[in-house]
Amino acid sequence: SSGINAEYGGLQEIGELIRRYDCRAPATGNELSEPAEFNLMFGTHIGPTGLLRGFMRPETAQGIFVNFKRLLEYNQDKVPFAGAQIGQSFRNEISPRSGLLRVREFCQAEIEHFMDPEDKSHPKFKNVKSVSVRMYPAKAQVSGGD
């Protein structure tokens with residue numbers, strides 16, 4: 001590791017790092033373009049005049065995390081508990097295969113489980129403690145394989 005934390009650099013600093021380390025597109029070897037700001041949220045105009053700028057929500061789960069304290073209180077301040085919701089979300093995506101930019105609308109259903117990782121006292125924990133969850137590998141997702 002070079003010890004460089006590009007996550008917090010500005011666009012100019014990130015561009016300098018791309019040039020310094022000669023970063024290229026993995027599939028084609030082409031040079032990368034200069035970094036540019038890109039808002040992943042779908043923008044819209046709101047209000048009777050349309051002068052106010054607003055954004056449609058990009059994820060449904062944000063509401064669960066924003067309301068975590070209230071959800072915990074509803075559960076008598078005890079974990080484990082889960083929150084679930086379903087709703088529309090909207091995003092701008094970068095997708096070179098389908099045109100550079102596209103707007104996507106999703107109907108998402110999400111369940112978030114909250115627990116204390118140190119507390120194994122849940123009465124049903126013994127039923128799942130040795131369960132192994134099989135994940136779909138990234139290479140298979142990209143290739144469409146198994």
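**Questions on a predicted model**

Me: Gln12 and Arg20, on the other side of α1 from its buried residues, are called exposed. What does exposed mean here?

Reply: The relative accessible area is over 50%; buried is under 20% and partly exposed lies in between (1.4 Å probe, protein chains only). The model is predicted, so local features need pLDDT of at least 70 and side-chain atom pairs count only at pLDDT 80 or more, while totals for chains, interfaces and linings use all residues. Residues are numbered from 1 along each chain as its sequence is written, and side-chain values use heavy atoms, leaving out hydrogens and water.

Me: Which residues of α1 are buried, and how do you know that they line one face?

Reply: In α1, which covers residues 11-20, they are Gly15, Leu17 and Ile18. Seen down the axis of α1, these residues fall within an arc of 160°, so they line one face of the helix. The arc is taken from the directions from the helix axis to the C-beta atoms. Helices are DSSP runs of H or I with at least four residues, strands are runs of E with at least two, and both are numbered from the N terminus.

Me: What makes Asp22 notable, and is Asp22 buried, exposed or partly exposed?

Reply: Asp22 has a positive phi, near 50°, in a residue other than glycine. Asp22 sits in the loop between α1 and β1. Its relative accessibility is 46%, so Asp22 counts as partly exposed.

Me: Why is Gln76 called exposed?

Reply: Gln76 has a relative accessible area of 57%, so it is exposed. Gln76 lies in the loop between α3 and β3. Its phi is also positive, about 55°, although Gln76 is not a glycine.

Me: Why is Gln108 called buried?

Reply: Gln108 has 15% relative accessibility, and therefore counts as buried. Gln108 is part of strand β4, residues 101-114.

Me: What makes the pair of Gln108 and Ser89 a polar contact?

Reply: Their side chains come to 2.9 Å. A polar contact is a pair of N or O atoms within 3.5 Å; within protein, one must be able to donate a hydrogen and the other to accept it, and residues adjacent in sequence count only if both atoms are side-chain atoms.

Me: How do you know that β1 and β2 pair?

Reply: Four bridges join β1 (residues 43-46) to β2 (residues 52-55), and the strands run antiparallel. Pairing requires at least two bridges found by DSSP, so these strands pair. Thr44 has Gly54 as its bridge partner in β2.
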